[in-house]
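Ready for some practice in reading a structure? Work through the exercises below with the model open, and try each task before you look at its solution.

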Amino acid sequence: MIIDLHSHSTLSDGTLTPSELLAHASKQEVDVLALTDHDTVAGLDEAAKAAKELGIQLINGVEISTSWNGQTIHMVGLGIDPSYQPLLDGLEKICEYREWRAEEIGRRLAKKRIEGGYEGAKSFAKGGLIARTHYARFLVDAGYAKDIRDVFKKYLVRGKPGYVPGKWAEIEEAISWVRGAGGIPIIAHPARYRITAGRLRKLLSEFKKAGGLGVEVVSGSHNENETQTMANTVKKAGLFASQGSDYHGPENPWVELGRLRPMPDGSKTVWESEFWPEGNS
Ligand code: AMP
Ligand code: MN
Ligand code: MN
Ligand code: MN
């Protein structure tokens, strides 16, 4: 069984449409796939149709941008009802902020004599919401940096000209939207946050108290060591383990859909938990 519970489409910052993503999942022999676009559920209908035709089990998902003590934390919601109104209202608010932030990034880059950033990012977004990823693609395309990693380091992270501190949903509200929608809240790629082990334990404990259920142990952005460490931390915190590639498209050849490190032995997985949606497909 190949289970991949974190992926993106063109509705956020992936480069494949939902149908193309599902076709790719089929090629990669993925059995269970969650589409988890940033702050939107708009790709799920198309994904569901394609999944049905291909015999893939689609899990309705979303990756919500949240703030925890001023820090941006990504939270995946799995098995959500995408018509649950409080969730839709919350995501809409985040997307309004996202749009303002996209324009603000453009204004800040213009002060550094980089013109046309907003329009450039918007055209890379192809009608979906605008993420820093789209700015990154524009800036590389326009020759301001050699690749995506380089462009983030130079322009788009804290302390750099195109960085705007995120004002996202509070993590507790995002948890309540996901639980209200019948879904499972999961902390995404925890090893990517620049926080100490002690602070991570505090995050997990507050997350659990607020109704959080799982944490990504296996992630396309975790190395072997981080995976093992996270398995232990998550077990001690009494949370379920999840796994996902965080696939954004073929342009990122180091992350492939459905190709994941094995889940460390002794992990309690979300898909074996009592919270897993029965027959959600
Ligand atoms: P945003 O939600 O608009 O702040 O954009 C965040 C997205 O940018 C993430 O989901 C990643 O896809 C991408 N990203 C963030 N940091 C990096 C990085 N250092 N290198 C490449 N992509 C990154
Ligand atoms: Mn992304
Ligand atoms: Mn993320
Ligand atoms: Mn993601």
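**Exercise 1. At what angle do helix H3 and H5 pack, and which residues make the contact?**

Solution. Keep in mind that you're looking at a predicted model.

Step 1: Find helix H3, which covers residues 85-111, and look at how it lies against H5: the two pack at an angle of about 35°, and their axes are 10 Å apart.

Step 2: Check the handedness. The crossing of H3 and H5 is right-handed.

Step 3: Pick out the residues that touch. H3 brings Arg101, Ala102, Ile105, Gly106 and Leu109, while H5 brings Arg132, Tyr135 and Leu139.

Step 4: Sort them by class. You should get 5 nonpolar residues, 1 polar and 2 charged in the contact of H3 with H5.

**Exercise 2. How are H4 and H5 oriented to each other, roughly parallel or roughly perpendicular?**

Solution.

Step 1: Locate helix H4 at residues 117-125 and helix H5 at residues 132-141. Their axes come within 8 Å and cross at roughly 110°.

Step 2: Compare that angle with the cut-off. Angles of 65 to 115 degrees count as roughly perpendicular, so H4 and H5 are roughly perpendicular to each other.

Step 3: Add the handedness, which is right-handed for the crossing of H4 and H5.

Step 4: List the contact. From H4 come Gly117, Tyr118, Gly120, Ala121, Phe124 and Ala125, and from H5 come His134, Tyr135, Arg137, Phe138 and Asp141. By class, the contact of H4 with H5 holds 6 nonpolar, 3 polar and 2 charged residues.

**Exercise 3. Which residues coordinate the manganese ion (ligand 3), and where in the chain are Glu63 and His189?**

Solution.

Step 1: Click on the ion and look for its donors. The manganese ion (ligand 3) is coordinated by Glu63 through OE, His74 through ND1 and His189 through NE2, at 2.1 to 2.2 Å.

Step 2: Trace those donors along the sequence, where their spacing reads E-x10-H-x114-H.

Step 3: See which parts of the chain meet here. Glu63 belongs to strand S3 (residues 57-68), and His189 sits in the loop between strand S6 (184-187) and helix H8 (197-209); the pair is 126 residues apart and links distant parts of the chain.

Step 4: Ask how accessible they are. Buried means under 20% relative accessible area. Glu63 has 1% relative accessibility, so Glu63 counts as buried. His189 has a relative accessible area of 8%, so His189 is buried too.

Step 5: Take a look at the backbone of His189. Most residues other than glycine have a negative phi. Phi of His189, however, is near 25°, a positive value.

**Exercise 4. Which residues hold the manganese ion (ligand 4), and how far is this ion from the manganese ion (ligand 2)?**

Solution.

Step 1: Find the donors of the manganese ion (ligand 4): His6 (NE2), His8 (NE2), Glu63 (OE) and Asp246 (OD), at 2.1 to 2.2 Å.

Step 2: Write their spacing along the chain, H-x1-H-x54-E-x182-D.

Step 3: Check the two histidines at the start of that pattern. Both His6 and His8 are buried.

Step 4: Take the distances to the manganese ion (ligand 2). The manganese ion (ligand 4) is 4.6 Å from the manganese ion (ligand 2), and the manganese ion (ligand 3) is 5.5 Å from the manganese ion (ligand 2).

**Exercise 5. Are these loop residues buried or exposed: Ser9, Gln28, Arg113 and Lys126?**

Solution.

Step 1: Start with Ser9, in the loop between strand S1 (3-4) and H1. At 0% relative accessibility, Ser9 is buried. Among the residues Ser9 touches are Leu16, Pro18 and Asp37.

Step 2: Move to Gln28, in the loop between helix H1 (18-27) and strand S2 (32-35). Its relative accessibility is 17%, so Gln28 counts as buried. Gln28 touches residues including Ile2 and Arg259.

Step 3: Go on to Arg113, in the loop between H3 and H4. With a relative accessible area of 73%, Arg113 is exposed. Its phi is positive, near 65°.

Step 4: Finish with Lys126, in the loop between H4 and H5. Lys126 counts as exposed at 62% relative accessibility. C-alpha to C-alpha, Lys126 is 8.3 Å from Leu11, though the two are 115 residues apart in sequence.

Key: Residues are numbered from 1 along each chain as its sequence is written. Chains are lettered from A and ligands numbered from 1 in the order in which they are written. This is a predicted model: local features need pLDDT of at least 70, side-chain atom pairs count only at pLDDT 80 or more; totals for chains, interfaces and linings use all residues. Side-chain values use heavy atoms; hydrogens and water are left out. Axes are lines fitted to C-alpha atoms, for helices over the stretch in contact, and angles run from 0 to 180 degrees between N-to-C directions. Helices (H or I, at least four residues) and strands (E, at least two) are DSSP runs, numbered from the N terminus. Angles under 35 degrees count as roughly parallel, over 145 as roughly antiparallel, 65 to 115 as roughly perpendicular and the rest as oblique. A crossing is left-handed if the near helix is turned anticlockwise from the far one by less than a right angle, and right-handed if clockwise. Contact means heavy atoms within 4.5 Å. Ala, Val, Leu, Ile, Met, Phe, Trp, Tyr, Cys and Pro count as nonpolar, Asp, Glu, Lys and Arg as charged, and the others, Gly among them, as polar. Donors are N, O and S atoms within 2.8 Å of the metal (3.2 Å for Na, K and Ca); water is not among the atoms, so sites may look incomplete. Buried means under 20% relative accessible area, exposed over 50%, partly exposed in between (1.4 Å probe, protein chains only). Lists of a residue's contacts leave out its neighbours within four places in sequence.
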